[in-house]
Each structure stands twice: as C-alpha cells, then as structure tokens.
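Student: Could you take me through one part of this model up close? I'd like a single connected account rather than a list.

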Amino acid sequence: MTNYLNENWKNSMRLKLDYNNMMTRIIGEKNGLNIDDILSLSDLLNIAHDDFTNKKGKGNEFLGFLDLPEVSNEILDDIKNTADDISNKSDIFINLGIGGSYLGSKTLFDSLTSTYYNELSREKRKNRPRVYFEGNNLDCDSITDLLELLPNTKPEKIEEHFSIGVISKSGGTIETALAFRLFQDRAKEVYGKEHNNYILAVTDKANGKLKEIADKEGYKSYVIPDNVGGRYSVLTPVGLIPAAVFGVDIHELVAGAKYMKELCKSPNILENPAYMYATLQYLSYKRGRNISAMAIWSKSLESLGFWYDQLSAESLGKDGKGRVPFTIVDTRDLHSRGQELQEGEENTVVTNIFVEKSVNDITFKSNSENADGLNYLDGKSIKSMLSGAMEGTNYAYAKANRPTMNIVLPELNAFTLGQIFYLFEIATVIEGYMMNINPMDQPGVEAYKKFMFANLGREDMKKYKDEFDNRVKPEEEFLI
C-alpha cells in the first residue's frame, strides 16, 4: 500500500505545533501569553471561522484554494503523464514564473531533491531533467548565463534538449513575460515548427496575453483557477507540474494537504493548529511584536521561508497594519541574527521549523590526534547536534523572556510539505480576518507596477508617467 493511503503512517507524519515557549509559565508575565489570553479571542475567531468556512469574508472570491486538496486522481495522473513526457524528451526544464508562480515549486525542488541535483547524472536523477528557475527578476546576467547552457541548433543527445514551463495568469508580468520572449525565441531557433512540443503554459483559462500566445502557437496549457490567487496556488498546476517534472509524488503532496484540511476543520482553537498559529501571531502583534522570524533548521527548507515571506507579507501587510516576516537558517544565522534576537529590541516572535528525522545522518567519530578538540562529540550524530542547538537556543531566548514556537515535521517528504503549505495558507487568512483586512488582495503591489510600467513606456500608463515626471526631484545637496 502507498504510504499516504495508510492511516497509521499518515498519523505518524502529523505536524506538531509546540507553543510552550510562548506562554507565561516559560517566559514570564511581561512577554508571555496564558490560556485565558488565547480563549479571550474565541468570539473574534468564531466570526473569522464563519467567514472562512462559508466563504463570505473579505476576498472570498479567491478562497478556492480551500478545495484544492480535493483534486481528483484523474487530474493528478494527467499532470504526472505530462511531466513524464517532458522528462522523456528533455534533460533541462526551465520554470518561468515569479512570486506565487515559482516559490512553491522552488520549495519542493530544494527540499525534496538532492542539494546538488543538477550536478547529478541523468541516471542518478532517475531520468528527470535538470531544473532552472528564471523569469523571477529583471536580471540580465542570470538570463544570459542560462541561455548559454542551451543549444543553438537541434541537439542529438537528450542531455542537451530543453523544455520550458511558463507560468503567468495574465501573461503581462514583465519579469516572466520578458524571460519567456527570450527563451521562446531560443526554442523556435532550435526546434523550429516543432518548438510547441517543448513549451507548456500554465495560465488563465480564457484571457490574457499568455493564453493568446499559447492558443496561437499550440502549446499545451493548464489552467490557474480564477478563484485561486498566485500566492495560494502551490497545489494547482502552478506547483504540481514542476514538482511532477522533478519527480515529486504529487498524489502524496495533495494527500498531506487533505490531511491538514481535516485537522483544521474544528472551530475549537485548542484543536486547530492553523487557528492556534494565527491567534498566537495576532496576539503577539497586538502586543507590539511586529516582527516575525521564521527560523529554518534545515538549509533545504530555506525556500519555504521565502514562500511564507510572500504569503504573509502580501496578505497581511496593508491598511497600515501587518507584522514583517523574514527568514533565517539556523545554525548558520545564529552567528548574526542570533545576537539581535537574543538581546535586541523585544519586538519579534520566532517560529522554528524543524525536521525530526533526516534521510541522511552522519555520526561523528573521535580520532587519536584530536587536534581540533572535537573528540567530545564521539558517537553523536549531526542531527542530534542540530536538535541540541535548537533546544539550547530556545532556552537561551526563554531566559531572556523572548517568545518562540516550533513547527515540527516528523520527516521531510511530500506529505509533510503538503501539510505545512495548507496550514500556513489557512492561518494567514484567519489572521487577516482577525485583523479585519482582506488577506486575498495586494493593492500595494499594483501601485508600484503603475509607475514601473509608466517608466518603461507603456502607453496605457502615460498618466502615471506624467505624475512621475512631476514628482519632487532629487537635489545635489542630498547626494554624497
């Protein structure tokens, strides 16, 4: 039986939210919370729960992500077949997208493949292609470097063949659209009339520039649902297709999200991990802790922090409100951020993300010279050292009355990642509703785009160009 169909296995893979070090009994009355503080928000949370589950709150037209764990096996099988086709005809897969159109799949790539995946032989990659993420910045150097990896004529060896997956709902996002123009041109140069067999589009079902291009050129297309916003789209073809290309079991990924969905159905905050996480952050923010540090205790999960940075910042940072999220990797960043978190301003809540069991571990052995003085570590595994470092760090923060909480993954696999994606998505919407904001829109993002496109010469943005040109100009006396 496949693991994710086994109830005992699924329960053994359940995430744990440990918020002991948020409470007064550990960090004291001044900075800690007690159970009455949490339960005092029951009425506010019940309203948020009703708005959420009945899809009638602010931004409810974009709550379609709630239903994504119910996707059929037939749809998942079709995506897998498409990914297998890509893998069978190319050894380079270029994923073009920005923000929610790539951060989820980048998380899955970094966490579920080898750290040096692209350097492995095709055989060791199980005949899946190397994967490169582009179209997420206006960076001429990285685009040029990737183009130089691609052939100029149709290659004979599969190791030189490439495919492109372009992800954009509108097709008008400049970073992705510009990169697609360049890589599409290379595909046409190399494959000619057959280039449409090497390009796949994930876009709107009916409208937008990319949809028009895909229809005209005959690219295979998948739909981004109208009721799912980009930063909530990892369980749509946006995230599922790239994941399937580099070999992630997308059935298991979705099963993990479905498992978390069941855990988060209860309106009881003491039973619902997403509601508890939202409430802990909300209470902390109301008490002046407006900085939210996600401490990732695994280099391979750093992209999860970046994915959450966008989810939180774009959803909650509006109307003059919202905590500021940022990501650190420990133990690496204990040598920098650790100082600030230990003794800096008391304005931060730390969420530790920790994986209990590693696929690989190294047991340290002593030697006769002991020149480095490390023989005291004899018999200890690196994983146990990491666990000891996290526990010691949490205790040091607690002694300084600094709040922390832990989200613990039993293992790092598609099932546990499905859980954590879905948990954070629900928690973010609930926190937004508790704040009385719309967690589904991003008006601030649209504001900067107007002036960016105006400066680039888009005719429909001319009025913003006029406004920009009439702004208060920089003066020489303020330049050094």
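Tutor: Sure, let's begin at Asn 95, which sits in strand 2; helices (H or I, at least four residues) and strands (E, at least two) are DSSP runs, numbered from the N terminus. Before going on, keep in mind that this is a predicted model, where local features need pLDDT of at least 70 and side-chain atom pairs count only at pLDDT 80 or more, while totals for chains, interfaces and linings use all residues. Residues are numbered from 1 along each chain as its sequence is written, and side-chain values use heavy atoms, with hydrogens and water left out.

Asn 95 counts as buried because its relative accessibility is 0% (buried means under 20% relative accessible area, exposed over 50%, partly exposed in between, with a 1.4 Å probe and protein chains only). Leaving aside residues up to four places away in sequence, Asn 95 touches Ser 101, Tyr 102, Ser 105, Tyr 132, Phe 133, Glu 134, Gly 165, Ile 167 and Pro 242, where contact means heavy atoms within 4.5 Å.

Three of those names, Tyr 132, Phe 133 and Glu 134, take us to strand 3. Strand 2 (residues 92–96) and strand 3 run parallel and are joined by 5 bridges; two strands pair if DSSP finds at least two bridges between them. Phe 93, for one, has Val 131 as its bridge partner in strand 3. Between the two strands the chain passes through helix 6, and this β-α-β crossover is right-handed (with the strands pointing away from the viewer, the path from the first strand over the helix to the second runs clockwise). Strand 3 (residues 130–134) is itself mostly covered, with 5 of its 5 residues buried. Arg 130, Tyr 132 and Glu 134 point one way, Val 131 and Phe 133 the other.

Now zoom out a little. Strands 2 and 3 belong to an open sheet of 5 strands, ordered 3-2-4-5-6 with parallel pairing. Strand 3 and strand 6 (220–223) are the edge strands, each pairing on one side only. From one strand to the next, the twist averages 20 degrees; angles run from 0 to 180 degrees between N-to-C directions, and axes are lines fitted to C-alpha atoms, for helices over the stretch in contact. Further along the order, strand 4 (residues 162–167) and strand 5 (residues 199–203) pair in the parallel sense over 4 bridges, with Ile 164 partnered by Ile 199 in strand 5. Helix 5 (residues 73–89) lies across strand 2, strand 4, strand 5 and strand 6, at about 145 degrees to strand 6.

Back to the crossover helix. Helix 6 (residues 103–112) packs with helix 16 (residues 414–434) at an angle of about 145 degrees, their axes 11 Å apart. On the helix 6 side, Gly 104, Thr 107, Leu 108, Ser 111 and Leu 112 meet Ala 414, Leu 417 and Phe 421 of helix 16. That contact has 5 nonpolar, 3 polar and no charged residues (Ala, Val, Leu, Ile, Met, Phe, Trp, Tyr, Cys and Pro count as nonpolar, Asp, Glu, Lys and Arg as charged, and the others, Gly among them, as polar).

Helix 16 then leads to another sheet. Over there, strand 9 (residues 348–357) and strand 10 (residues 404–411) run parallel, joined by 7 bridges. Helix 16 packs on that sheet, touching strand 7, strand 9 and strand 10, and its direction makes about 150 degrees with that of strand 10.
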